[in-house]
Amino acid sequence: MHYVPAVSADPTPPLVTRLLTPKRRAILLCAVVVAAFLAVAALAPLPYTKTTPGDTADALDSYDGHQVITITGAPVRQTSGSLRVTTISATGPAESISLLQAVEGWAEPKVAILPRDAVYPPSNPSAATQEMTQAQDSATVAALDYLHLSPEQVKVKVDLGQIGGPSGGQMLSLAIIDKLKGNGKGGDLTGGRNIAGTGTISDDGTIGEVGGVSLKTWGAVQAGATVFLLPRAECSDAEVNTPPGLRLIPVNTLADSLAALQSLDSGGPLPSC
């Protein structure tokens with residue numbers, strides 16, 4: 001009788017079993033949990049808004065099918081060149097972005113990630129419209145006061161469509177002056193140039209700070225502008241990300257803006273950041 005010896009089991013455990021000691025298995029489990037958490041967090045909505053360069057509106061021309069500035073009660077000049085109101089574009093007040101989108105935005109020079117409440121104040125969702133109305137009124141008062149014209153005889157209507165906020169004030173004032181008087185010597189304030197800018201304006205002509213300057217400069221360049229007027233206090237923000245070929249001209253008042261445009265046309269000295 002022949003006996004076939006039984007096949008004995010290999011007492012050596014498999015390689016995977018030897019490598020995955022209890023300590024290593026615990027570390028691997030933690031890594032899997034952390035990876036899953038990060039994956040969920042990367043896609044979870046955050047209360048932030050993604051902002052990018054927006055449209056520009058030439059205050060000397062039309063925007064969205066409507067003349068931006070209409071003046072009655074005084075002769076109006078034919079103008080050349082552009083005086084552009086710059087804007088930023090933002091995700092809607094009800095929209096959220098993910099952590100992944102935020103990280104991508106922070107790495108992109110033409111994108112700014114801002115707290116949603118900073119762009120859309122929850123206490124007053126219609127603030128942007130109200131601020132634009134006030135900016136239009138102040139721009140008109142400042143321009144007519146500079147020209148020594150009475151608002152009782154000269155009426156100015158501004159139509160910027162859905163553009164909101166107060167930051168178009170400076171450029172609107174300049175456009176009103178250009179349409180009524182030009183440079184005072186028979187020429188245009190722009191000298192035929194494509195000029196953009198930003199800044200609030202008060203009734204007395206003071207130019208105030210705004211937000212999103214580093215994005216608005218890119219929007220200006222995309223619209224072909226070569227000169228950008230901005231509040232002097234925002235030079236540092238604008239210089240961080242200035243597009244090539246764009247000249248920054250800082251100002252504090254409407255009189256500063258007008259003097260700078262005259263120097264630009266005559267080749268005189270200009271303020272710089």
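# Exercises on salt bridges, strands, a helix and cores

D188 is buried, with a relative accessible area of 14%; buried means under 20% relative accessible area, exposed over 50%, and partly exposed in between (1.4 Å probe, protein chains only). This is a predicted model, in which local features need pLDDT of at least 70, side-chain atom pairs count only at pLDDT 80 or more, and totals for chains, interfaces and linings use all residues. Residues are numbered from 1 along each chain as its sequence is written, and side-chain values use heavy atoms, with hydrogens and water left out.

## Exercise 1

Find which residues are joined into one network by salt bridges that share partners.

Solution.

1. A salt bridge is a side-chain nitrogen of Lys or Arg within 4 Å of a carboxyl oxygen of Asp or Glu. Searching the whole structure gives three salt bridges.
2. R77 and D178 form a salt bridge at 3.4 Å, N to O. R77 is in the loop between β5 (69–72) and β6, while D178 is in helix α6 (residues 169–180), 101 residues apart. D178 is buried, at 0% relative accessible area.
3. D188 and R77 form a salt bridge at 2.9 Å, N to O. D188 is in the loop between α6 and β10, and R77 in the loop between β5 and β6, 111 residues apart.
4. D265 and R193 form a salt bridge at 3.4 Å, N to O. D265 lies in helix α9 and R193 in the loop between α6 and β10, so this pair ties together parts that are 72 residues apart in sequence. D265 is partly exposed at 41% relative accessibility, and R193 is partly exposed at 26%.
5. The network with shared partners consists of R77, D178 and D188.

## Exercise 2

Determine whether the faces of strand β10 are covered or open, and how β10 pairs with β6 and β13.

Solution.

1. Helices (H or I, at least four residues) and strands (E, at least two) are DSSP runs, numbered from the N terminus.
2. β10 covers residues 194–197; N194 and A196 on one side are buried, as are I195 and G197 on the other, so both faces are covered.
3. Two strands pair if DSSP finds at least two bridges between them. Strand β6 (residues 82–90) is parallel to β10, with four bridges; L83 has I195 as its bridge partner.
4. Strand β13 (residues 227–231) is also parallel to β10, with three bridges. There G197 is partnered by L229.

## Exercise 3

Check the length of helix α9 against its expected span.

Solution.

1. The expected span is 1.5 Å times one less than the number of residues.
2. For the 13 residues of α9 (residues 254–266) this gives 18 Å; the end C-alpha atoms are 19 Å apart, which agrees.
3. Buried residues in α9 are L254, S257, L258, A260, L261, S263 and L264.
4. Just after α9, G267 has a positive phi of about 85 degrees.

## Exercise 4

Identify the element that gives the most to the largest nonpolar core.

Solution.

1. A nonpolar core is a set of buried Ala, Val, Leu, Ile, Met, Phe, Trp, Tyr and Cys residues joined through side-chain atoms within 4.5 Å.
2. The largest such core has 41 residues, of which V68, I69, L160, L172, L174 and I195 touch the most other members.
3. α6 gives the most to this core, with seven residues.
4. Contact means heavy atoms within 4.5 Å. Apart from neighbours within four places in sequence, L172 contacts A59, V68, I69, V85, Q136, A139, V158 and L160.
5. A second, separate core has 10 residues, including A196, V210, A238 and L248.
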